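Welcome, and please take a moment to look over the structure below. We will walk through a sheet first and then turn to the ligands.

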Amino acid sequence: MNESIRPFLEKVSARNAGEPEFLQAVTEVAESIIPYIETQSKYKNSKILERMVEPERVVIFRVPWLDDNGEVQVNRGFRVQMNSSIGPYKGGLRFHPTVTLSVLKFLAFEQVFKNSLTGLPMGGGKGGSDFDPKGKSDNEIMKFCQSFMTELYRHVGDDIDIPAGDIGVGKREIGYLFGQYKRITGTFNGVLTGKAFEWGGSLIRPEATGYGLIYFVEEMLKVQEDTLLGKRVLISGSGNVAQFAAEKCIEKGAKVLTMSDSEGFIYDPVGIDQEKLEYIKDLKDNQRGRIKEYAQRYSCEFFPGEKPWRIKCDIALPNATQNELDIADAEILIQNGCTCVAEGANMPCTPEAVAAFHQAKVLYAPGKAANAGGVAVSGLEMSQNSQRYSWGRTKVDNKLKDIMSDIHHICMKHGHEKDGHINYEKGANIGGFVKVAEAMLSQGIV
Ligand SMILES: NC(=O)C1=CN([C@@H]2O[C@H](COP(=O)(O)OP(=O)(O)OC[C@H]3O[C@@H](n4cnc5c(N)ncnc54)[C@H](O)[C@@H]3O)[C@@H](O)[C@H]2O)C=CC1
Ligand SMILES: O=C(O)CCC(=O)C(=O)O
C-alpha cells in the first residue's frame, strides 16, 4: 500500500470500527484517489476526502408494525445522507435482513461518486431497513412501508432527499411509501423515483440499471473492436438489474447461460431466451418464487448453494449483492477465459478479486460506473416531475445511452494506463471525485 494512504485509512478505521463494508468501499476509493490528491494541493489542503468519508447526516429510527397475526414487529430504519454538494441526496432504499449501518454507509459513499459520474445534479444517499420482505404478505409489506415512511417523511423531499428502490424495494414498495408520504404531507411531488408510469414514474426506469450496464459493456467492447454478438454471459441474481441486463444481452445476440438467487443458480446451456426470461420476471416479480423452479420447467440444472462463476464464459455480470464474487471465483473466471467483468450490483467483487482482474488485464467495470444507468434515469424522472411532463421511451433510452457513453469516456480519460490498459476503477473514482471536490471547494468549509 502507498505510504500516504496508510495514515488516512488508520484514522477512518478508528472512527468507523465494526463497519467492514464501509471501510472496504473507502479503501478501494482511497487507493486511487490519494495518489491523485497528492498532485492536487487544493484538494489535499482542504481535506476534501476526509470530509467526504464523514456522512453529512445519519438518521436511525424505530419501525414498528403489526403482522397478519396481530403481533407487533419492530425493525430498524436508516437514511444516510452522505453528500449534498452537487445536488439533493439521491439513492435507493434496501429492505433486507443483512442491512446494517455499515452496508448503507458503503452504499451511500459509492452513490456520491456514481451520481457525480452521471453528470446530473444529484448528491449521494442511501437508506433502508433490516426488514425481510421474503414470505411477507402484501398487507404486511404495506404496513411496514407505511410505518417506515411515517418517520422518513420528515427527512426527505423533492429538493432535499429523493429515495428510490434497491434490493427488496421495487414498484410495489415505492407505491406504498409514496401513498403514505402523500397522506402525511398532503403533497404530490417527486419525492421518490421508481414510481409507476401512471403516477409520475419515468419510462425506462425499471429497465435502466440493467440496460445501462449492457450499454457500458458495449462501450468497453467497442474499444477492443468487439461486440456482444455470440458472447457467453454469466449473470448472477434474478431481480431488477439481472432481468433487464439479461434482456439487453439477448437483444444484442449474446447467450445468457445463468441466473441465480440466494438459494443457488440455474445453468441453461442453450441460453435463456426472451420467452424464458418473461417466465423469470413473472416468477420473481409476481409469484415471488425461487429460481430453481426455472430448472424444473425448462429441464436444466440447478446448483443449490452455489454461485455461477465456474461456468465457462466470455463475460461475467455480478448483479446480486456485495462481495458475491471472491478471489477463488475470479481465478476460475480468468482460467476459463473470461475477458470482461462488469458490476451490475454494488461492490459485488471483493478487493482480491478486483486485483486479480487488473493483473490478468480482464476488462473490469466497477459498479459506480457500470450500474449508474438506474440512478441516471431516476435523475431524468426528477426532471420530468419538475416539468410536470413525461418523455417518450426512445427519448429516455437515448439519454441513458448517451450518459453511459459519457461515463465510459470519463473512465477512459482518468483510467488510461501507460501500457494502454484502461483501469476503469481508477477512472471512475477520479472522474466521480473531481466534480464533487470542486463543488465542495466552491461552497467553503461546510
Ligand atoms: N435497482 C437498481 O436500480 C439498482 C440496483 N443496484 C444494485 O444491484 C444489485 C441488485 O439489486 P436489484 O436487482 O435492484 O434487487 P432485487 O431485490 O430486485 O434483486 C436482488 C437479487 O439479488 C439476489 N440476492 C440478494 N441477496 C443475495 C445473496 N446473498 N446471494 C445471492 N443472491 C442474492 C436476490 O435473490 C435477487 O435475485 C444490488 O447490489 C443493488 O444495490 C445498483 C444500481 C441500481
Ligand atoms: O435510482 C436511485 O435513486 C437509486 C439507485 C441506487 O440505489 C443505486 O444506484 O445503487
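Which residue in S11 is the bridge partner of Ala-316? In this predicted model, Val-341 of S11 is the bridge partner of Ala-316. The strands concerned, S10 (residues 315–317) and S11 (residues 340–342), run parallel and are joined by two bridges.

Both strands belong to an open sheet of seven strands, in the order S9-S8-S7-S6-S10-S11-S12, with mixed pairing. At its edges lie strand S9 (301–304) and strand S12 (363–365), each of which pairs on one side only. On average, and with direction ignored, neighbouring strands of this sheet are turned by 15° against each other.

Now to the ligands. Ligand 1 is surrounded by 24 residues, and the closest are Gly-239, Asp-261, Ala-320, Ala-345 and Gly-374. Helix H9 (240–251) and strand S7 (255–261) each supply at least two residues of this shell, and H9 gives the most, with three residues. Domain 1 (5–189) and domain 2 (206–365) each contribute at least three residues to the shell around ligand 1.

Around ligand 2 you will find residues including Lys-90, Gln-111, Asp-166, Asn-346 and Ser-378. Strand S3 (89–95), helix H5 (101–117) and helix H15 (373–387) are the elements that give two or more residues to the shell around ligand 2. Gly-374 is listed among the closest residues to ligand 1 and also among the residues around ligand 2.

Here is how the two shells divide by class:

| Shell | Nonpolar | Polar | Charged |
|---|---|---|---|
| Ligand 1 | five residues | 16 residues | three residues |
| Ligand 2 | two residues | seven residues | three residues |

Terms used: Residues numbered from 1 in each chain as written. Chains lettered and ligands numbered in written order. Predicted model: local features only at pLDDT ≥ 70, side-chain atom pairs only at ≥ 80, totals over all residues. Near = placed C-beta within 6 Å. Helix = DSSP H or I, 4+ residues; strand = E, 2+ residues; numbered from the N terminus. Nonpolar A, V, L, I, M, F, W, Y, C, P; charged D, E, K, R; others polar. Domains from an automatic or database assignment. Pairing = 2+ DSSP bridges. Axes fitted to C-alpha atoms, helices over the stretch in contact; angles between N-to-C directions.
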